Amino acid sequence: MEADRTTPQAKPLLRALAGEAVWPPPAWLMRQAGRYLPEYREVRAQAGDFVSLCTNPQLAAEVTLQPIRRYGMEASILFSDILMVPWALGQPLRFAEGEGPLLEPLRDADAIAALDPSVVVARSAPIMETVARVREGLAAEAPRTTLIGFAGGCFTVACYMLEGKGSKEFPAARGLAYADPALFGRLIRTLQEATAEYLVAQVEAGAESLMIFDSWAGMLSPGQFRRWVIEPTASILRTLRRRCPGIPVIGFPRLAGPLLADYAARAGVDAVAMDTSMDPRWAAQAVPETMALQGNLDPLALVAGGAALEAETRSILAAMRGRPYIFNLGHGIVPQTPPEHVTSLMRLLRSA
């Protein structure tokens with residue numbers, strides 16, 4: 001199906017994703033809707049727990065639109081979480097204050113075999129309603145802003161599903177990938193199917209672009225990275241190209257290092273996002289000049305503000321000028337970020 005969306009010529013982010021060197025570059029920030037904004041904290045208090053917020057279309061749409069009203073970014077990313085796919089698969093999920101996500105961990109082959117990708121779209125219907133509400137809101141309030149839908153990368157989501165929580169090393173997932181690659185592969189294939197269906201549903205609801213977050217990709221050896229990050233992403237992209245032609249996709253294999261070039265060449269995405277540790281000058285040489293890059297300001301430079309923020313921003317812009325590029329952070333915005341520093345950043349970018 002072909003998405004019903006404003007022509008790329010009208011939206012700076014879609015122009016960049018189509019391979020145009022737009023300047024000043026379109027900009028948005030990962031986790032731009034969140035705890036650093038007082039208006040978000042007010043809505044969050046109404047919702048109760050985090051999963052309830054993600055599955056309340058009215059409130060989730062409101063927090064998605066809040067940073068656009070305040071700052072006018074060129075993209076609005078759906079307010080949700082990468083673990084809503086496991087939740088939609090039926091894995092119990094909650095977010096504990098100070099602990100992050102907690103799931104009932106998958107411990108055996110029977111638990112993995114019980115996962116049913118066919119239920120994901122139906123269970124995630126409230127999230128799709130949020131997408132539709134945001135698209136409608138952007139049309140009325142910010143017609144040049146692109147709506148981005150997203151999902152987690154299969155390896156990263158599998159890490160949480162097997163560990164049951166966040167971890168520095170994710171030994172359950174990485175160990176299973178080595179000890180029983182057939183069983184780990186069964187989980188990855190389930191996630192490929194579920195994630196593809198979930199992303200297609202977002203496009204059908206109104207998403208104009210998509211992003212795949214593989215936040216823990218950098219934990220893997222090169223061979224494991226190619227098998228469990230690049231290959232599943234490429235599989236998802238083949239489904240998207242067949243069912244949603246024309247929808248651009250940004251891939252974020254965080255901490256990929258030099259494997260970013262391999263990912264860019266083989267994953268099938270339209271753009272790659274750089275994490276904070278990536279040298280943008282190296283990335284500009286390693287990634288085809290027709291492919292958009294996104295990133296990669298250190299979120300703590302945004303916290304610091306002032307001269308440090310300006311110097312880091314100008315350095316990144318200098319490395320990216322002349323190629324398709326989207327300004328962003330190298331990881332998500334942190335709660336202690338002063339909102340006025342985001343105002344200063346957007347002002348700086350628009351004068352580039």
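Visitor: How many disulfides does the structure hold?
Guide: The structure, which is a predicted model, holds zero disulfides.

Visitor: What about C54, and where is the nearest cysteine sulfur?
Guide: C54 takes part in no disulfide, and the nearest cysteine sulfur, that of C154, lies 19 Å away.

Visitor: Is C54 buried or exposed?
Guide: C54 is buried, its relative accessible area being 1%.

Visitor: And why is C154 not bonded to its closest cysteine?
Guide: The closest cysteine sulfur to that of C154 belongs to C159, and the separation of 11 Å is too far for a bond. For a disulfide, the two sulfur atoms would have to be within 2.5 Å. C154 also counts as buried, at 3% relative accessibility.

Visitor: Turning to charged pairs, how many salt bridges are there?
Guide: The structure holds 14 salt bridges. Side chains of opposite charge can pair when their charged atoms come close.

Visitor: Which residue does E20 pair with?
Guide: E20 forms a salt bridge with R15, and the closest N and O atoms of the pair are 2.7 Å apart. E20 counts as partly exposed at 35% relative accessibility, and R15 is partly exposed with a relative accessible area of 22%.

Visitor: What does E169 bridge to?
Guide: E169 is joined by a salt bridge to R174, with 3.0 Å between the closest N and O atoms. E169 is partly exposed, with a relative accessible area of 47%, while R174 counts as partly exposed at 26%.

Visitor: How about R243, what is its partner?
Guide: R243 forms a salt bridge with E197, in which the closest N and O atoms are 2.6 Å apart. This pair links distant parts of the chain, 46 residues apart, with R243 in helix 12 (residues 222-243) and E197 in helix 11. R243 counts as partly exposed at 26% relative accessibility, and E197 likewise counts as partly exposed at 25%.

Visitor: Which residues are joined into one network by salt bridges that share partners?
Guide: K11, R135 and E208 are joined into one network in that way.

Visitor: On to the interior. Which members of the largest nonpolar core touch the most other members?
Guide: They are W28, F184 and M211, in a core of 131 residues. Helix 11 (residues 181-205) contributes the largest share of this core, twelve residues.

Visitor: What does M211 touch, leaving out residues up to four places away in sequence?
Guide: On that basis, M211 touches W28, M30, I148, G149, F150, A151, I250, F252, A273 and Q294.

Visitor: I148 and its neighbours bring up strand 4. Why is strand 4 described as largely enclosed?
Guide: Seven of the seven residues of strand 4 (residues 146-152) are buried, so the strand is largely enclosed by the rest of the structure.

Visitor: Which way do the residues of strand 4 point?
Guide: In a regular strand the side chains alternate between the two faces of the sheet. In strand 4, T146, I148, F150 and G152 point one way, L147, G149 and A151 point the other way, and all are buried.

Visitor: How many bridges join strand 1 to strand 4?
Guide: Three bridges join strand 1 (residues 75-77) to strand 4, and the two run parallel. I77 has I148 as its bridge partner in strand 4.

Visitor: And strand 5, how many bridges does it make with strand 4?
Guide: Strand 5 (residues 209-214) pairs with strand 4 over five bridges, in the parallel sense. There, the bridge partner of I148 is S209.

Visitor: A new topic: which residues of helix 13 are buried?
Guide: The buried residues of helix 13 (residues 259-266) are L259, L260, D262, Y263 and A264. Their cover includes helix 12, strand 6 (249-253), strand 7 (271-273) and helix 14 (280-286).

Visitor: What does G268 do just after helix 13?
Guide: G268 takes a positive phi of about 90° there.

Visitor: Where does E39 lie?
Guide: E39 lies in helix 2 (residues 38-47). Leaving out residues up to four places away in sequence, E39 touches Q66 and R70.

Visitor: Last one: what does UniProt list for residues 26-35?
Guide: An unreviewed UniProt entry lists residues 26-35 for "domain: Uroporphyrinogen decarboxylase (URO-D)". Over residues 26-35 the chain is 0% helix and 0% strand, and the end C-alpha atoms are 23 Å apart.

Conventions:
Residues are numbered from 1 along each chain as its sequence is written. This is a predicted model: local features need pLDDT of at least 70, side-chain atom pairs count only at pLDDT 80 or more; totals for chains, interfaces and linings use all residues. Side-chain values use heavy atoms; hydrogens and water are left out. A nonpolar core is a set of buried Ala, Val, Leu, Ile, Met, Phe, Trp, Tyr and Cys residues joined through side-chain atoms within 4.5 Å. Buried means under 20% relative accessible area, exposed over 50%, partly exposed in between (1.4 Å probe, protein chains only). Helices (H or I, at least four residues) and strands (E, at least two) are DSSP runs, numbered from the N terminus. Contact means heavy atoms within 4.5 Å. A salt bridge is a side-chain nitrogen of Lys or Arg within 4 Å of a carboxyl oxygen of Asp or Glu. UniProt positions are given in the numbering used here, feature names are shortened, and annotations may be inferred rather than shown by experiment. Two strands pair if DSSP finds at least two bridges between them.
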